[in-house]
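Me: I have a structure to go through and would like the terms justified as we go. Please set each value against its definition.

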2 protein chains.
Amino acid sequence: MQRGPPGFCIWLTGLPSAGKTTIAKELLPRLVERGWYADLLDGDEIRRGLSADLGFDRKSREAHATRVAFCAKLLARNGSIPVVALISPYRSSRAAARQEIGRFVEVYVSTPLTVCEDRDVKGLYKKARAGTIKEMTGVDDPYEPPEHPEITVDTVRFTPAQSAEFILGELERLGWMPKA
Amino acid sequence: MQRGPPGFCIWLTGLPSAGKTTIAKELLPRLVERGWYADLLDGDEIRRGLSADLGFDRKSREAHATRVAFCAKLLARNGSIPVVALISPYRSSRAAARQEIGRFVEVYVSTPLTVCEDRDVKGLYKKARAGTIKEMTGVDDPYEPPEHPEITVDTVRFTPAQSAEFILGELERLGWMPKA
């Protein structure tokens, strides 16, 4: 039940170390500046609060994405903009999230594997290559790139701040928010 | 990250058939009328979206309450009023929810067991007495009444609409919202 208009969900998908959370953190203050409530639903953070019981096999990842989508739906229908930063490697999971949430903007953070592996922010690629962790997306677990994302960002050519500005421009162009 | 002031959580606890959801449904339009975003986090409904994997044993109930509290926290910090209608039989779970959410108003729907069992809205007491379901709160699973709830409502003397009005009055008196 709403007093005002709904928000919508910005769903950032991409490989580990693609830059999803970094871009999300650039986006949030810009959304707030424009008068929105906005909240980061970061994959790792939400795992602690909502999915501590889940692992990283396919079924667990799907269940986790379902829970994140449920939270995003609640926020969006309460006028906020949930910004989801989640590897969400499977097309089927993202399609389910889109259907559940309705007002859904898929943003593909398209950083190539070689670049992600070079960045390796959390040292996970190194561990995966060494065999000390398993089910690492991009190494021994598949990542299925979006076929028709609303927005694609290129973190090789652009900084996180530039990517955030680009997303805002695209949101305007697509009619999700009025021009600043 | 917020553009404006936070909301707060109204957490209705009580036995099955105590009237939690009914009162919540009376509350919602009244909150919206006063200019708030508000959303019902109903125990049964949220189970489908968030906790389909969980049963009704103590550990599952605790995990479910943790997930509901996480959603309520997100909504409250985005300026909305989540109205939780959840048996939430254990004091420890409710204390954890209070700590997680921070801005938390515990409402005890104090309907006595005999009255709840007489109402038996979903026929669960009958099934529990017949032994066809187990772990039924009030029958073979404990309900721990709140010791210091912010608000207590008496559904024997008052209608759901009257209870909702009473809660609103108490929220004003306690400083959670301005007088209408």
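Me: What makes residues of chain B count as in contact with chain A, and how many are there?
Reply: Two residues are in contact if their C-beta atoms, placed from the backbone, lie within 7 Å. By that rule 24 residues of chain B are in contact with 24 residues of chain A. The model is predicted, so local features need pLDDT of at least 70 and side-chain atom pairs count only at pLDDT 80 or more, while totals for chains, interfaces and linings use all residues. Residues are numbered from 1 along each chain as its sequence is written, and chains are lettered from A in the order in which they are written.

Me: Which elements of chain B supply at least two residues each to the side that touches chain A?
Reply: They are helix H1 (20–33), strand S2 (37–42), helix H2 (43–50) and helix H3 (58–77). Helices (H or I, at least four residues) and strands (E, at least two) are DSSP runs, numbered from the N terminus. H3(B) gives the most, with 6 residues.

Me: Why is strand S1 of chain A called largely enclosed?
Reply: A residue is buried if 20 or more other C-beta atoms lie within 10 Å of its own, exposed if 12 or fewer, and partly exposed in between. In S1(A), residues 9–13, 5 of the 5 residues are buried, so the rest of the structure largely encloses the strand. A:Cys9, A:Trp11 and A:Thr13 lie on one side, A:Ile10 and A:Leu12 on the other.

Me: How do you know that S1(A) pairs with strand S4 of chain A?
Reply: Pairing needs at least two bridges found by DSSP, and these strands have 5, in the parallel sense. A:Cys9 has A:Phe104 as its bridge partner in S4(A).
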